[in-house]
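Let's take a walk through this model together, going from single residues to sheets and whole domains. Keep the viewer open as you read.

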Amino acid sequence: MMEHAMLRSLFPQLEHSTYLNSCSCGALAQPVIDAVQHYLQLWKCHGGRAWYADGGWLEALDSARAHIAALLGASPHEIALAPNVSTALAALASCMDYAARPRVLTTSLDFPTLAHQWLAKASAGAHCDILPSPDGCTVPVEAFAAVVDKRTALIATARVYFTTGAIQDIVALARLAHDAGALLLVDDYQGTGQVPLDVKEANIDMLVGGTQKWLLGGPGLSFLYVHERLHARLHPSVVGWFGHAHQLDFLLQPWEPRGDARRFELGTPALPAVYAANAGMELVRKTGVDAIRRRVKWLTETLVSGLTEAGFQLTMATDPEKRAGIVMLECPDAQAWVVELARQSIIVDARPGHLRIAPHFYNDMDDIERVLKALKELEWRNAAGIASSSA
Ligand SMILES: Cc1ncc(COP(=O)(O)O)c(C=O)c1O
């Protein structure tokens, strides 16, 4: 990994704040600012010709697919770009034959947009089963095994839960899905960039993610990985001209989808987001996801130990190997705590009943100590406040 002080200096925001909210949005890096400025410069110089310029807009789209493919262990032709995960899911869900296999299995810990996609298709015959979590942290593979059957089209779940940071056994879920003749769709928005993955080794069929969080690219670009063995089998009816086999011939008909995953692409992408994302992904790849995982694990485990010693309750996997860089602290008044911490320039986030703290590779031990100290003080003041008001 690049020398840490040098790496940290790439993030101007870290000079004036303790930023621990990477699972919402990664910190803004100077190369990302420069990349967006470069995009504007291309526009200023070339106008619409910027699409075809050297290093221009079309090339930026190819670079985005190449970065994503490299991060996932896939090939660029297995990657489709989308403005957000929900749009990618809509295109994917439009391929499914709900008469033959109506069931989609997801969990109560997954990001809501996953279940919404299939709950909204009940009138088309889709049946979305939301498996509960017995411990509020994870959903055991056995819970999927107990319900998956030959009417199941998909197991659709996260590798890293946004709710608890718990890492799921995706390899076992892929096996389970395939044994039942179903497919595995992984929502990896909270995994890609912080926990290494090889989609081929894990035998994942389809995966969605985005660049806003661990990939440092800001909002506006997401992606869909579709294993090449599925391309010819999947025929989306939610489509756009970017997915046409002869896009730049501008043919109205016939509708002929591209032969690869790009058949899932719809219309003109948000180019500023693509430039930002490419710079973010480049930084992540230069650093290396293995190195990022080691550092995030070290920071996370130090924070977890400090919080546990101080008596805080955490909603997290018990096995440290199954924890990613999302620390969930039970906190009934989480929103108020987020505001109070922000007043001290410590940026964290809230989810129902919890404070959510997410360190990335640019954080250091001073950040962890600072948030720990601030939380202990808040807890002490809270307790003192309760004692004085009841006295
Ligand atoms: C696991 C997960 N999936 C999906 C999303 C977002 O979906 P979309 O890109 O449709 O806004 C998020 C957070 O924003 C997330 O944490």
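A residue is called buried when its relative accessible area is under 20%, exposed when that area is over 50%, and partly exposed in between. With that scale in hand, look at Gly 181, which has a relative accessible area of 46% and is therefore partly exposed. Please keep in mind that what you are looking at is a predicted model. Gly 181 sits in the loop that leads from H7 to E6. Which residue can we pair with Gly 181 across a gap of 31 positions in sequence? Lys 150 is the one: the C-alpha atoms of Gly 181 and Lys 150 are 6.5 Å apart in space.

From that loop, follow the chain outward to the two elements that flank it. Helix H7 covers residues 170-179 and lies across E5 and E6, running at about 150° to E6. A second helix, H5 (residues 112-119), lies across E3, E4, E5 and strand E6 (183-187), and the angle between H5 and E4 is about 150°.

These strands belong to a sheet, so let's look at that next. The sheet is open and has seven strands, in the order E2-E8-E7-E6-E5-E3-E4, with mixed pairing. Which strands form its edges? They are strand E2 (79-82) and strand E4 (127-131), each of which pairs on one side only. On average, neighbouring strands of this sheet are turned by 20° against each other, with direction ignored. As general background, strands of a sheet pair through backbone hydrogen bonds, either parallel or antiparallel. For a concrete case, take strand E3 (residues 103-107) and strand E5 (residues 152-158): they run parallel and are joined by three bridges. Arg 103 has Thr 152 in E5 as its bridge partner.

Now move to the loop between strand E8 (222-226) and helix H9 (271-287), where you will find His 231. Is His 231 buried or exposed? With a relative accessible area of 4%, His 231 is buried. Leaving aside residues up to four places away in sequence, His 231 touches His 77, Glu 78, Val 226, Gly 259, Asp 260, Ala 261 and Arg 263.

Charged side chains come next. Side chains of opposite charge can pair when their charged atoms come close. How many salt bridges does the structure hold? There are 17. One of them joins Arg 65 and Asp 62, with an N to O distance of 2.9 Å. Both residues belong to helix H3 (residues 57-72), and because they are three residues apart there, about one helical turn separates them. The two partners differ in their surroundings: Arg 65 is buried at 3% relative accessible area, whereas Asp 62 is partly exposed at 44%.

Helix H11 (residues 334-343) offers a similar spacing, since Glu 340 and Arg 343 are three residues apart in it and so about one helical turn from each other. Their side chains form a salt bridge with an N to O distance of 2.8 Å. Here Glu 340 is buried, with a relative accessible area of 14%, while Arg 343 counts as exposed at 62%.

Glu 340 also takes part in a salt bridge with Arg 381, at 3.6 Å from N to O. Arg 381 lies in helix H12 (residues 365-390) and Glu 340 in helix H11, so this pair ties together parts that are 41 residues apart in sequence. Arg 381 itself is partly exposed, with 43% relative accessibility. Elsewhere, Arg 8, Asp 364 and Asp 367 are linked in a network of salt bridges.

Finally, zoom out to the whole chain. It is divided into domain 1 (4-20 + 288-383) and domain 2 (32-284). Taken over C-alpha atoms, the centres of domain 1 and domain 2 are separated by 28 Å. Their contact takes 25 residues from domain 1 and 20 residues from domain 2.

The UniProt record, an unreviewed entry, draws a different kind of outline: it lists residues 19-354 as "domain: Aminotransferase class V". Within that span, 35% is helix and 14% is strand, and the end C-alpha atoms lie 18 Å apart.

Note on methods:
Residues are numbered from 1 along each chain as its sequence is written. This is a predicted model: local features need pLDDT of at least 70, side-chain atom pairs count only at pLDDT 80 or more; totals for chains, interfaces and linings use all residues. Side-chain values use heavy atoms; hydrogens and water are left out. A salt bridge is a side-chain nitrogen of Lys or Arg within 4 Å of a carboxyl oxygen of Asp or Glu. Helices (H or I, at least four residues) and strands (E, at least two) are DSSP runs, numbered from the N terminus. Buried means under 20% relative accessible area, exposed over 50%, partly exposed in between (1.4 Å probe, protein chains only). UniProt positions are given in the numbering used here, feature names are shortened, and annotations may be inferred rather than shown by experiment. Two strands pair if DSSP finds at least two bridges between them. Axes are lines fitted to C-alpha atoms, for helices over the stretch in contact, and angles run from 0 to 180 degrees between N-to-C directions. Contact means heavy atoms within 4.5 Å. Domain bounds come from an automatic or database domain assignment.
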